[in-house]
Amino acid sequence: MGQTTSANPAPQILVSGHAERRLPADRVELALSTSHVGTERRAVVAEAAAQHARLVERAQQLVASGAAESFSADALSTYTNSWRDERGEQVVEHRASVSIAIELSALEQVGALTTELAETGVDPRLNWKLSDARRTSVLRELRAAAVADARTTAGDYAAAIGAAELALVQLRDAELGGGGIMPVGAPRFAMAADAPRVEVDVQDIVVSVDVEAHFTAALA
């Protein structure tokens with residue numbers, strides 16, 4: 001985008017800048033959940049509490065071994081649903097849900113761990129991401145590249161109108177969060193032919209920065 005304002009003594013040039021990089025994730029968040037259902041509330045809650053304790057213990061083991069960076073565990077979520085069956089009799093159903101998130105840094109363990117958890121009745125969901133340190137480093141480089149891109153574009157417009165110098169007067173980050181981060185594609189799972197081990201391809205992450213820049217140009 002380029003624009004000049006001839007009414008002003010110094011032409012105004014408004015441009016955008018963009019920088020982007022695609023790189024493999026170095027973290028994955030395992031969102032673990034289970035749902036327990038039954039007609040006896042005490043039994044359902046006890047079953048959910050036992051599963052919660054087992055998952056917390058497993059998460060603590062992963063953190064202690066260095067395979068996981070951290071974990072968080074939500075409190076048990078419970079609710080009761082009731083209806084009448086086809087004979088008009090009251091049916092009461094109790095549910096309890098368990099939710100735990102583990103940030104795994106040992107990505108080579110993703111396949112084995114998700115298989116292990118799934119076999120125990122846990123539903124694991126994967127969210128690929130970048131560590132805070134890597135994200136900060138990449139964004140810093142991309143911000144500089146996006147500004148350089150904007151300046152290059154502004155320079156082209158300045159040359160087209162015969163301007164000799166450019167002065168940056170305003171710069172705006174188009175992303176409120178400081179940069180767009182988006183997983184690319186879906187994780188692929190493949191079962192090894194000679195073993196039950198599941199192999200997982202690490203998902204790529206696209207990191208991008210967009211800026212809007214306002215320059216004034218001095219005519220030659």
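Among contacts in the chain between residues at least 6 apart in sequence, what percentage join residues at least 24 apart? The share is 77%, where contact means heavy atoms within 4.5 Å. The structure is a predicted model, in which local features need pLDDT of at least 70 and side-chain atom pairs count only at pLDDT 80 or more, while totals for chains, interfaces and linings use all residues. Residues are numbered from 1 along each chain as its sequence is written, and side-chain values use heavy atoms, with hydrogens and water left out.

## Overall architecture

The chain contains three helices and 11 strands, helices (H or I, at least four residues) and strands (E, at least two) being DSSP runs numbered from the N terminus. Read from the N terminus, the order of elements is β-β-α-β-β-β-α-β-α-β-β-β-β-β. Of the 220 residues, 34% are buried; buried means under 20% relative accessible area, exposed over 50%, and partly exposed in between (1.4 Å probe, protein chains only). The accessible surface of the chain is about 12,700 Å², and carbon and sulfur atoms account for 50% of that surface; these areas come from the Shrake-Rupley method with a 1.4 Å probe, and for residues only the protein chains shown count as cover.

## Strand β5 and its partners

Strand β5 (residues 90-104) is paired with β2, β3 and β4, as the table sets out. Two strands pair if DSSP finds at least two bridges between them.

| Strand paired with β5 | Sense | Bridges | A bridge pair |
|---|---|---|---|
| β2 (residues 27-38) | antiparallel | 11 bridges | S35 and S97 |
| β3 (residues 68-73) | antiparallel | five bridges | S70 and E103 |
| β4 (residues 77-84) | antiparallel | eight bridges | S82 and V92 |

β4 and β5 also form a hairpin with five residues between them, and G88 in the turn has a positive phi of about 85°.

Within β2 lies H36, which counts as buried because its relative accessibility is 6%. The side chain of H36 makes a polar contact of 2.9 Å with that of T34; a polar contact is a pair of N or O atoms within 3.5 Å, where within protein one must be able to donate a hydrogen and the other to accept it, and residues adjacent in sequence count only if both atoms are side-chain atoms. Once neighbours within four places in sequence are set aside, H36 is in contact with V44, E47, A48, Q51, H94, R95, A96 and V98.

Beyond β5, the loop that leads to α2 (110-119) holds E108, which is exposed because its relative accessible area is 65%. The C-alpha atoms of E108 and A67 are separated by 9.4 Å, although these residues are 41 apart along the chain.

## Helix α3

Helix α3 (residues 132-160) has 29 residues and spans 42 Å from its first C-alpha to its last, close to the 42 Å expected at 1.5 Å a residue; the expected span is 1.5 Å times one less than the number of residues. Its buried residues are V138, L139, L142, A146, A150, A154 and A158. An α-helix has 3.6 residues a turn, so residues three or four places apart point the same way. The cover over the buried residues of α3 includes β1 (12-24), β7 (163-173) and β11 (204-219). After α3 comes G162, with a positive phi near 75°.

## Salt bridges

A salt bridge is a side-chain nitrogen of Lys or Arg within 4 Å of a carboxyl oxygen of Asp or Glu, and by this rule the count comes to 11. One of them joins R22 to D204, with the closest N and O atoms 3.0 Å apart. This pair links distant parts of the chain, since R22 belongs to strand β1 and D204 to strand β11, 182 residues apart. R22 is exposed because its relative accessible area is 54%, whereas D204, at 23%, is partly exposed.

The side chains of R95 and E93 form another salt bridge, at 3.2 Å from N to O; R95 counts as partly exposed at 26% relative accessibility, while E93 is buried at 19%. A further salt bridge, of 3.5 Å from N to O, brings together E212 and R172, which lie in strands β11 and β7 respectively and are 40 residues apart. Both count as partly exposed, E212 at 37% and R172 at 42%. Finally, salt bridges that share partners join D26, R27, E69, E103 and K129 into one network.
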